[in-house]
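Dear colleague,

I am handing over the structure below, together with some notes on what was found in it. Please read the notes with the structure open beside them.

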Amino acid sequence: MRTSIRHRVAARMMAAIGVVSLMAACSGNGAGNGNGGATGGGYPDKNITFVVPFSAGGPTDTVTRMIAEPMAAKLGTKIVVQNVEGAGGTVGAGEVARAQPDGYTVLMHHIGMSTAPALYKDLGYKPLEDFGTVGLVTEVPMTVVARKDFAPATLQDLVAHVKANAGKVTLANAGIGAASHLCGLLFQSAAGVKLQEVPYEGTGPALTDLVGGQVDFMCDQTTNTSGQISAGEVKAYAVTTPERVKSLPDVPTTAEAGLPKLQVSVWHGLYVPAGTPQEVVQKLSEALKAALADRAVVDQMAKLGTTPVPAEDATPQAHRDKLQEQLGTWAKVIADAGVKAS
Amino acid sequence: MDLLDNLALGFSTAFLVQNVVYCFVGVLLGTAVGVLPGIGPTATVAMLLPITFNFEPVTALIMLAGIYYGAQYGGSTTAILINLPGESSAAVTALDGHEMARRGRAGAALATAAVGSFIAGTVATVALAVAAPPLARVALTFGPAEYFSLVLLGLIVSITLARGSALKALAMIALGVLLGTVGQDIYTGTPRFVFDQRELYGGIDFVSVAVGMFGVAEILRNLEKEQTRTAVVSKVRNLWPTREDRRRIVGPILRGTGLGAALGVLPGGGHVLASFTSYAVEKRVSKRPQEFGHGAIEGVAGPESANNAAAQTSFIPLLTLGLPAHPVMALMVGAFIVHGITPGPNVITDEPALFWGLIASMWIGNVLLVMLNLPLIGIWVRMLRIPYQVLFPMIILFAAIGTYSLGFNAYDVYAIAFFGILGYVLIKCGCEPAPLLLGFVLGPLLEENLRRALIISRGDPSVFLTRPISAVLLALAVAALVVAVLPTIRRRRETMFTEED
């Protein structure tokens, strides 16, 4: 990658200072993965870089770091996680699309992979053509939640209420292209209503204003909302998955609550640049499967309110099918809503 | 006494050997990243988060919290010594702190910062222990309209940051606001001033602007003068504050602490306002306002205390409601989750040992910080004797590495160079970087909340006046404006009268 020399300098300089050397180990020394065009045979014979196109410590980053260690153990190498942020994950994805297709640069991306083509013009890459899929990782359920004194009691009440008061109700989200924004769009499409959306910069502030009663309702990942739901600070109407969520046994699914069209989860998958040798992809996919079966990973994901995907979904084909299906879904939803990010 | 029982539980948790050790590790790391330009607490916490996966939850949180408030301590060191603020709050400290250092009083400035931070940290920790849940409820009554009015008030009050021409200061604020608009608009997704560079979609990084405008510009200015080009005046006078200094810093520390503690509770940006507002207040109440900007010790004591008090109380929304006030807190939410604790209002009741242990550890952390920082002052001051041929390139190198490591975005490094040159040109034109930075930080907050309030009210601007808190804040803003303008008018009338005589 074009940045490798700078990484190496950074790593060396930082290592010179005792205290900071730890951080260099975490961030700076993605130096090993240069331009060598390895084929499948000896793969992997050097460090692999996992690019996370979002900030360190965020949900996607957490999931990546969880699976990186067991995957590295299975592959018999080191995996370095690198955060390349910007423009809804498209900066990092673009960088991986242009990287050497040798299996040493791997991208972790979420649902945003399938929404970016509809949101951004001149994206610079095509998800299906410029990437090879390795396998799905996890699907995080979402919840429809409202301020606790919001009138509607059930999801059907909510739909009726927002239809009758479309000019008054406010729907919060965590910013253009965020999972909560997509879920909100899907809600409006499923309920057949157009609402006033209130974007925030991230989930934290949006949830703060929801708890404070400044906005009416929103849709967000279980990870973010379940603490507020169980404490009664917000009202939960439904989870957006086919099955109920273990940590929220009393919250019905959207199908049970009468809005079956509202099906959405934040799915994550691993990608390599298109043209990566088949046997390399296979090795990565096997390692992913092993990591998802790892006890520690299952436990940690359970704490996040999610589960690893079943083994048959951690494959290139299942991942590709999912991507294709989602690209179609979101192209329509986003075009109908008339949203553009650039 | 519930509170005493709780505190006893907290201290018995916090005083466990591993918790004290990791508290120390946290504040030490925090101090280190605070001192090193470029690398902030957000990046550090993010990088260390995975390492804490195997810790006890309370130990992990104690260490991560220590990094955060430790960095607030450390940030003032580089701001004072080499005019290189790593965070928006430290930019205010740099104004008078670095002037003090240039006059050979770096030791006194550093000691003031450390002592002020300790007092503020202690008081704010008590506030956290005594009144966290009710304070959090108050904070929740602040919606977009209230934040808009609060930021507006802060902006008006802080115009006193300027030392020279008011017109130039206003121009700098406007430029800062404009720079703050760079990036993708969060409401419509429209990219603004990005010139088709996807790397600019996320906006310009604060650290790049601060390092460039303050640090690099300062270095360029120093290089100009063949004779005096040292980072500061080489002769360092007394290392500790004099009796006179001690008398002068008591008031600012107490006022800064109160102000910071109150503002820090507000999750929507209160902590950002703390140091700016404190500086403005100190300048206004001071009997020697003319000294501000020329090494007034009050200009270090007030903002540093405010900043640290706010750093502690900004944990209130997180701990009592599970709502993060800024990126570091959002990472702490991640830490809670990974440890199987769902952040939310139930943490206090479900995990009392964790809640009270964390609070108690903050006080211990503050003691450790002051013990760590006071002896270090001698060493820091000695650092100023490093010849400029070594010091200047090192500063720029560390700043570039630190900024780059945040998001592996080369544009953040280009931005340092750009703002370094811009800062130098502006200094040559007699414009100061502080108001620009103020506009850069507060401008986006102002716009974001203005637009959000209007979206929610469906475009009805009366919302700013019909919501009582917002109305009061706006009234204060008008009053502040009048107070700021009156002396000028009076002076002009006096001159007129004298001319008539």
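To begin with a single residue of this predicted model, A:P101 touches A:V272, A:P273, A:A274, A:G275 and A:T276, when residues up to four places away in sequence are left out of the count. The residue itself sits in the loop that joins α4 (90–97) to β3 (105–109) of chain A. Although it belongs to a loop, A:P101 counts as buried, because it has 20 C-beta neighbours inside 10 Å and 20 or more is what the term requires. You may also like to look at A:G76, which is 25 residues from A:P101 along the chain and whose C-alpha atom is separated from that of A:P101 by 20 Å.

Another proline of chain A deserves a look, namely A:P44, which is placed in the loop between α2 (21–28) and β1 (48–52). The peptide bond that leads from A:Y43 to A:P44 is cis, and its omega is near -5°.

As for chain A in general, its secondary structure consists of 13 helices and nine strands, and 61% of its 342 residues count as buried. Among the contacts in chain A with a separation of 6 or more, 74% are made by residues 24 or more positions apart.

One helix of that chain can be followed in some detail, and this is α8, which covers residues 179–191 of chain A. Its 13 residues, at 1.5 Å a residue, should span 18 Å, and the end C-alpha atoms are indeed 18 Å apart, so the expected and the computed values agree. Because 11 of its 13 residues are buried, α8(A) is largely enclosed by the rest of the structure; the buried ones include A:H181, A:C183, A:F187 and A:Q188. After the helix comes A:G192, which has a positive phi, near 65°.

Where the two chains meet, 54 residues of chain A are in contact with 49 residues of chain B. Helix α9 (residues 203–211) of chain A gives the largest share of the side of chain A that touches chain B, contributing six residues. By type, the residues on that side of chain A divide into 21 nonpolar, 25 polar and eight charged.

Turning to chain B, helix α2 (residues 17–35) packs against helix α4 (residues 57–82) at an angle of about 30°, and the axes of the two are 6 Å apart. That angle makes α2(B) roughly parallel to α4(B), since angles under 35 degrees are counted in this way. The crossing of α2(B) and α4(B) is right-handed, and the residues of their contact comprise 18 nonpolar, 14 polar and no charged.

Finally, which backbone angles of chain B should be checked by eye? I would point to B:N83, where phi is near 55°, a positive value in a residue other than glycine, and to B:R458, which is likewise not a glycine and has a positive phi of about 60°. B:N83 is found in the loop between α4 and α5 (88–102) of chain B, whereas B:R458 has its place in the loop between α19 (433–456) and α20 (463–466) of chain B. Their surroundings can be set side by side as well: B:N83 is buried, with 28 other C-beta atoms within 10 Å, while B:R458 is exposed, with 11 other C-beta atoms within 10 Å.

With best wishes

How values were computed:
Residues numbered from 1 in each chain as written. Chains lettered and ligands numbered in written order. Predicted model: local features only at pLDDT ≥ 70, side-chain atom pairs only at ≥ 80, totals over all residues. Helix = DSSP H or I, 4+ residues; strand = E, 2+ residues; numbered from the N terminus. Expected span 1.5 Å × (residues − 1). Buried ≥ 20, exposed ≤ 12 C-beta atoms within 10 Å, placed from the backbone. Axes fitted to C-alpha atoms, helices over the stretch in contact; angles between N-to-C directions. Parallel < 35°, antiparallel > 145°, perpendicular 65-115°, else oblique. Left-handed = near helix turned anticlockwise from the far one by under 90°. Nonpolar A, V, L, I, M, F, W, Y, C, P; charged D, E, K, R; others polar. Contact = placed C-beta atoms within 7 Å.
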